[in-house]
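The exercises below ask you to work from strand pairing to the surroundings of individual side chains. Try each task on the displayed model before reading its solution.

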Amino acid sequence: MQELQPADASNHDTQRRIFKSQRQETATHVYIRIDATQKPLSPLYEGPYPVSHRTDKLTRVTKNGKTITVSNDRIKPAYIETSAPQERKTSEPEKTAGKAELADATPKTESKPKTIYRTREWKQKNYLKKK
């Protein structure tokens, strides 16, 4: 019995790194998670709010004109489009104009199949006719 040695204690990975989005460190706007219990189908995040200052564990956000401090665990980066999307320029405007004229000359008529709603009464009458 004296020769038995205890097993080594398990290391619960005390230095474990928590996932943090790379975009979160440089985002100009963030969403803040709402931790309170809410009704079903209500949004989990509110925002986006502009970031005023950032540290390793906390982020200062301007919300409704006030600066609040929020834990980095509660924020998610917001992807905001900074400029209007550019329109694609066609290199050959003559061809597209000719196609538009051709389309106007021959109107397209799309025929959708007519949806038939058959009631229980209709089915019973037709079923009796078949026999």
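**Exercise 1: the sheet**

T62 stands opposite T67 in β4. The model is predicted, so that local features need pLDDT of at least 70 and side-chain atom pairs count only at pLDDT 80 or more, while totals for chains, interfaces and linings use all residues. Residues are numbered from 1 along each chain as its sequence is written, and side-chain values use heavy atoms, with hydrogens and water left out.

Task: find how β3 and β4 pair, and place both strands in their sheet.

Solution: Begin with strand β3 (residues 58-63), which pairs with β4 in the antiparallel sense over six bridges; pairing requires that DSSP finds at least two bridges between two strands, and strands are DSSP runs (E, at least two residues) numbered from the N terminus. Next, follow the order β4-β3-β2-β1-β5, in which five strands form an open, antiparallel sheet. Finally, note that β4 and β5 are the edge strands, each pairing on one side only.

**Exercise 2: the loop residue**

Task: decide whether N72 is buried or exposed, and list its contacts.

Solution: First locate N72 in the loop between β4 (66-71) and β5 (75-77). With a relative accessible area of 9%, N72 is buried (under 20%; exposed is over 50%, partly exposed in between, with a 1.4 Å probe and protein chains only). Then, leaving aside neighbours within four places in sequence, N72 is in contact with K20, Q24, T55, D56, K57, L58 and T59, where contact means heavy atoms within 4.5 Å.

Key:
Helix = DSSP H or I, 4+ residues; strand = E, 2+ residues; numbered from the N terminus.
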